[in-house]
Amino acid sequence: MSEVDLFTDGACLGNPGPGGWAALLRHGKHERELCGGEPDTTNNRMELLAAISGLEALRKPCTVSLTTDSQYVMKGIKEWMPAWLARNWRTAGGAPVKNRDLWERLNAALVGHQTRWHWVRGHAGHAENMRVDRLARLAAEAVRDAAREAG
């Protein structure tokens with residue numbers, strides 16, 4: 001199985017507001033940057049989309065080392081997801097899980113991969129995290145600027 005490093009981040013200019021996400025895939029010496037954005041979203045949705053987009057870009061099953069600065073994504077996938085599935089996408093309090101569409105998509109994107117999750121503190125000098133943070137912010141700014149020009 002190929003080994004891939006995946007670094008992800010999301011950004012939002014306001015929460016909600018224009019948002020961007022970015023992912024950096026690394027396989028040996030090869031790298032691929034992915035990014036995108038939405039005009040009216042939340043930071044949590046962008047963090048999820050970064051991880052989803054990176055995983056969905058993989059063409060075959062891989063061993064993935066996924067690094068994120070999002071506690072929301074880390075806790076969601078490692079702690080909360082099994083209980084949500086057991087309760088038919090309900091929280092412990094019985095409310096519907098927020099961002100269920102993206103959690104379901106992330107769960108599906110993980111199938112076939114052996115994924116190790118790593119958390120890093122954001123804005124703390126981790127080179128790849130700083131890189132995807134910059135790309136996510138640029139994507140959010142591009143979405144914001146396009147909306148201003150259109151509007």
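In this predicted model, Leu24 has Glu33 of strand E3 as its bridge partner, and that pair belongs to the antiparallel pairing of strand E2 (residues 17–27) with E3 (residues 30–41), which extends over 10 bridges. The points below take the strands in turn and then pass to a pair of packed helices, H1 and H3.

**Strands E1, E2 and E3**

- Strand E2 also pairs with strand E1 (residues 2–12), to which it is joined by eight bridges, the two strands running antiparallel.
- Within this pairing, Asp9 is found opposite Ala22 of E2.
- Strand E2 is mostly covered, since 10 of its 11 residues are buried.

**Hairpins**

- The hairpin of E1 and E2 has four residues between its strands, and in this hairpin Gly14 adopts a positive phi near 95 degrees.
- The hairpin of E2 and E3 has two residues between its strands, and here Gly28 takes a positive phi near 60 degrees.

**Helices H1 and H3**

- Helix H1 (residues 43–56) packs with helix H3 (residues 100–110) at an angle of about 25 degrees, and their axes lie 9 Å apart.
- Because angles under 35 degrees count as roughly parallel, H1 and H3 are described as roughly parallel to each other.
- The crossing in which H1 passes H3 is left-handed.
- On the H1 side, the contact is made by Arg45, Leu48, Leu49, Ala51, Ile52, Leu55 and Glu56, while H3 contributes Asp101, Leu102, Trp103, Arg105, Leu106, Ala109 and Leu110.
- The residues of this contact between H1 and H3 comprise 10 nonpolar and four charged ones, with no polar residues.

Notes
Residues are numbered from 1 along each chain as its sequence is written. This is a predicted model: local features need pLDDT of at least 70, side-chain atom pairs count only at pLDDT 80 or more; totals for chains, interfaces and linings use all residues. Side-chain values use heavy atoms; hydrogens and water are left out. Axes are lines fitted to C-alpha atoms, for helices over the stretch in contact, and angles run from 0 to 180 degrees between N-to-C directions. Angles under 35 degrees count as roughly parallel, over 145 as roughly antiparallel, 65 to 115 as roughly perpendicular and the rest as oblique. A crossing is left-handed if the near helix is turned anticlockwise from the far one by less than a right angle, and right-handed if clockwise. Contact means heavy atoms within 4.5 Å. Ala, Val, Leu, Ile, Met, Phe, Trp, Tyr, Cys and Pro count as nonpolar, Asp, Glu, Lys and Arg as charged, and the others, Gly among them, as polar. Buried means under 20% relative accessible area, exposed over 50%, partly exposed in between (1.4 Å probe, protein chains only). Two strands pair if DSSP finds at least two bridges between them.
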